[in-house]
Amino acid sequence: LAQKLPWYQATSYAEKSGEDLKKAVTLDDRNILALQTLAAFYDEAPGLLGGSAHKAAELNARIKVLQGD
């Protein structure tokens, strides 16, 4: 939803999404789907909303370890 709204409306949705994704990973740090979704959020979100290419890369590396790659 945040991707379809104007930026001034999307901000709160994006922040809430990031918080919920982090919580999901905290609850189950081996859940690959949650890790992938959080990594995608970090990769796509602007830094102001918590986006970070570095964090996305760290999660992607963790995912590879979990998958045994």
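Which helix holds Glu44? In this predicted model, Glu44 is found in helix H2. The residue is exposed, with a relative accessible area of 55%, a value that lies over the 50% cut-off used for that class. Its C-alpha atom is separated by 9.2 Å from that of Ala56, a residue 12 places away along the chain. Ala56 itself belongs to the largest nonpolar core, to which the text returns below.

A good place to continue is helix H1, which covers residues 7–27. This helix has 21 residues, and from its first C-alpha to its last it reaches 30 Å, close to the 30 Å expected at 1.5 Å a residue. Its buried residues are Ala10, Ala14, Gly18, Leu21 and Val25. They cover an arc of only 80° around the axis, which puts them on the same side of H1. The general geometry of helices helps in reading this pattern: with 3.6 residues a turn in an α-helix, residues three or four places apart point the same way. The face turned away from the buried side of H1 carries the exposed residues Glu19, Lys23, Thr26 and Leu27.

What do the buried residues of H1 pack against? Their partners are helix H2 (32–44) and helix H3 (53–67). The three helices also come together in the largest nonpolar core, a set of 12 residues: Leu21, Val25, Ala34, Leu35, Leu38, Ala39, Phe41, Tyr42, Ala45, Ala56, Leu59 and Ile63. At least two residues of this core are supplied by each of H1, H2 and H3, and H2 gives the largest share, six residues. Two members of the core, Leu21 and Val25, are also among the buried residues of H1.

Leu38, another core member, offers a helpful view of the contacts. Leaving aside residues up to four places away in sequence, Leu38 touches Gly18, Leu21, Lys22, Val25 and Leu59. Of these partners, Gly18, Leu21 and Val25 are buried residues of H1, while Leu59 is listed in the core along with Leu38.

The core also includes Phe41 and Tyr42. How many aromatic pairs does a search of the whole structure find? The search finds one. The pair is formed by Phe41 and Tyr42, whose ring centres are 6.1 Å apart and whose planes meet at 55°, so the pair is tilted. Phe41 counts as buried at 13% relative accessibility, and Tyr42 is likewise buried, with a relative accessible area of 8%.

Terms used
Residues are numbered from 1 along each chain as its sequence is written. This is a predicted model: local features need pLDDT of at least 70, side-chain atom pairs count only at pLDDT 80 or more; totals for chains, interfaces and linings use all residues. Side-chain values use heavy atoms; hydrogens and water are left out. Helices (H or I, at least four residues) and strands (E, at least two) are DSSP runs, numbered from the N terminus. The expected span of a helix is 1.5 Å times one less than its number of residues. Buried means under 20% relative accessible area, exposed over 50%, partly exposed in between (1.4 Å probe, protein chains only). The arc is that of the directions from the helix axis to the C-beta atoms. Contact means heavy atoms within 4.5 Å. A nonpolar core is a set of buried Ala, Val, Leu, Ile, Met, Phe, Trp, Tyr and Cys residues joined through side-chain atoms within 4.5 Å. Rings of Phe, Tyr and Trp (its six-membered ring) pair if their centres lie within 6.5 Å; planes under 30 degrees apart count as stacked, over 60 as edge-to-face and the rest as tilted.
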